[in-house]
Amino acid sequence: MPSSQSDWDAKYRLAGEGAPSEAASIVCELLSLLPSGPALDIACGTGRHALVLAARGQHVTAVDFSKVALGVLEARARSASALVHRGESLCEAGRPRKGGLELIHADLERMTLPERCYDLILCIQYLQRDLFPQMVRALRPKGVLLMETFTRAQLEFAGGPRNPAYLLETGEFREAFPSLCVLFYRELRAGQGIASLLAQNLRR
């Protein structure tokens with residue numbers, strides 16, 4: 001796994017030269033169940049999930065710390081004739097818009113999520129535990145959080161993060177959002193170690 005911003009930029013520059021990656025299977029499996037209102041894609045990379053959501057007419061705020069990744073996403077969005085806008089901050093992104101993509105360049109470890117703005121928050125293959133409370137507050141009533149990332153079981157397989165700080169403990173996701181209602185949860189240990197969570201904000 002890349003370890004610095006320059007490494008990630010190089011990875012995304014190379015990715016931009018090839019065909020877009022397919023969306024994670026968990027997103028494809030649950031897509032029809034996901035809310036179609038304003039969505040936030042955290043650590044969006046080159047936008048494999050943001051583009052899927054935008055294609056169904058959803059407004060998506062896509063955030064990443066790599067300007068290269070966002071540039072690739074913007075080019076792919078324009079090629080698909082999708083509306084795309086460069087935002088200055090997540091506070092601005094919280095304003096209601098109709099459809100399309102809003103791209104935000106931000107330091108993920110320093111950003112603050114606007115409260116009660118999103119019907120859907122997506123975070124795939126990115127783990128930043130101190131964002132968990134912010135994710136909950138950023139959900140609208142009945143909003144849904146979909147997350148999937150690596151567990152410590154990944155150390156048994158090639159690839160993926162090796163630093164334990166970026167790997168989930170067994171069962172950690174299930175207990176990480178006590179104020180949300182868990183709709184779906186699973187941990188897999190087949191070729192990779194990953195945990196998937198779908199949870200909903202039932203508070204008004």
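Two aromatic rings, from Phe, Tyr or Trp, count as a pair here if their centres lie within 6.5 Å. With that in mind, welcome to a tour of this predicted model, told as a set of close-up views.

**View 1. Aromatic rings gather around Phe132.**
Searching the whole structure turns up 2 aromatic pairs. In one of them, the ring centres of Phe132 and Phe173 are 6.4 Å apart and the planes meet at 45°, so this pair is tilted. Tilted is the word for planes that are neither under 30 degrees apart (stacked) nor over 60 (edge-to-face). Phe132 belongs to helix 6 and Phe173 to helix 7 (residues 172-176), so the pair ties together parts that are 41 residues apart in sequence. The rings of Phe132 and Phe177 have centres 4.7 Å apart and planes at 40°, so they make a tilted pair too. This pair also links distant parts of the chain, since Phe177 sits in the loop between helix 7 and strand 7, 45 residues from Phe132. Together, the ring pairs link Phe132, Phe173 and Phe177 into a cluster.

**View 2. How enclosed are the rings of the cluster, buried or exposed?**
Phe132 is buried, with a relative accessible area of 7%. Phe173 is buried as well, at 1%, and Phe177 is buried at 3%. A residue earns that word because its relative accessible area is under 20%. Look around Phe173 and you will meet many neighbours from elsewhere in the sequence: it touches Phe132, Met147, Glu148, Thr149, Leu168, Tyr185, Ala195, Ser196 and Leu197, leaving aside residues up to four places away.

**View 3. The nonpolar cores fill the inside.**
The largest nonpolar core has 32 residues. Those with the most contacts inside this core are Ile42, Met111, Leu113, Ile121, Met135, Phe173 and Phe177. Strand 1, strand 5, helix 6 (132-138), strand 6 (139-150) and strand 8 each give two or more residues to it. Which element gives the most? That is helix 6, with 4 residues. Apart from this core lies another, of 24 residues, among them Ala24, Ala54, Ala77 and Val84.

**View 4. An open sheet of 8 strands runs through the model.**
Follow the strands across the sheet and you will read the order 3-4-2-1-5-6-8-7, with mixed pairing. At the edges are strand 3 (84-86) and strand 7 (181-189), each pairing on one side only. From one strand to the next, the twist averages 15°. Strands of a sheet pair through backbone hydrogen bonds, either parallel or antiparallel. Strand 7 and strand 8 (residues 193-200) run antiparallel and are joined by 8 bridges. On this stretch, Tyr185 stands opposite Leu197 of strand 8.

**View 5. Two helices pack on the sheet.**
Helix 3 (residues 48-55) packs on the sheet and touches strand 1 (39-42), strand 2 (60-64), strand 4 (101-105) and strand 5 (118-124). The direction of helix 3 makes about 150° with that of strand 5. Helix 4 (residues 67-79) also packs on the sheet, touching strand 2, strand 3 and strand 4. Its direction makes about 165° with that of strand 4.

**View 6. Strand 6 and its partner, strand 5.**
Of the 12 residues of strand 6, 9 are buried, so this strand is largely enclosed by the rest of the structure. Strand 5 and strand 6 pair in the parallel sense over 6 bridges. Where they pair, Ile121 stands opposite Leu145 of strand 6.

**View 7. Ala199 in strand 8.**
You will find Ala199 in strand 8, where it counts as buried at 1% relative accessibility. How far is Ala199 from Cys181, in sequence and in space? They are 18 residues apart in sequence and 5.3 Å apart in space, C-alpha to C-alpha. Ala199 touches Gly143, Val144, Leu145, Leu180, Cys181, Val182 and Leu183, again leaving aside residues up to four places away in sequence.

**View 8. Cysteines without a bond between them.**
How many disulfides does a search of the whole structure find? The count is 0. Take Cys44, which is in no disulfide: the nearest cysteine sulfur, that of Cys123, is 11 Å away. For comparison, a disulfide needs the sulfur atoms within 2.5 Å. Cys44 counts as buried, at 7% relative accessibility, and Cys117 is buried with a relative accessible area of 13%.

Key. Residues are numbered from 1 along each chain as its sequence is written. This is a predicted model: local features need pLDDT of at least 70, side-chain atom pairs count only at pLDDT 80 or more; totals for chains, interfaces and linings use all residues. Side-chain values use heavy atoms; hydrogens and water are left out. Two strands pair if DSSP finds at least two bridges between them. Axes are lines fitted to C-alpha atoms, for helices over the stretch in contact, and angles run from 0 to 180 degrees between N-to-C directions. Contact means heavy atoms within 4.5 Å. A nonpolar core is a set of buried Ala, Val, Leu, Ile, Met, Phe, Trp, Tyr and Cys residues joined through side-chain atoms within 4.5 Å. Buried means under 20% relative accessible area, exposed over 50%, partly exposed in between (1.4 Å probe, protein chains only). Rings of Phe, Tyr and Trp (its six-membered ring) pair if their centres lie within 6.5 Å; planes under 30 degrees apart count as stacked, over 60 as edge-to-face and the rest as tilted.
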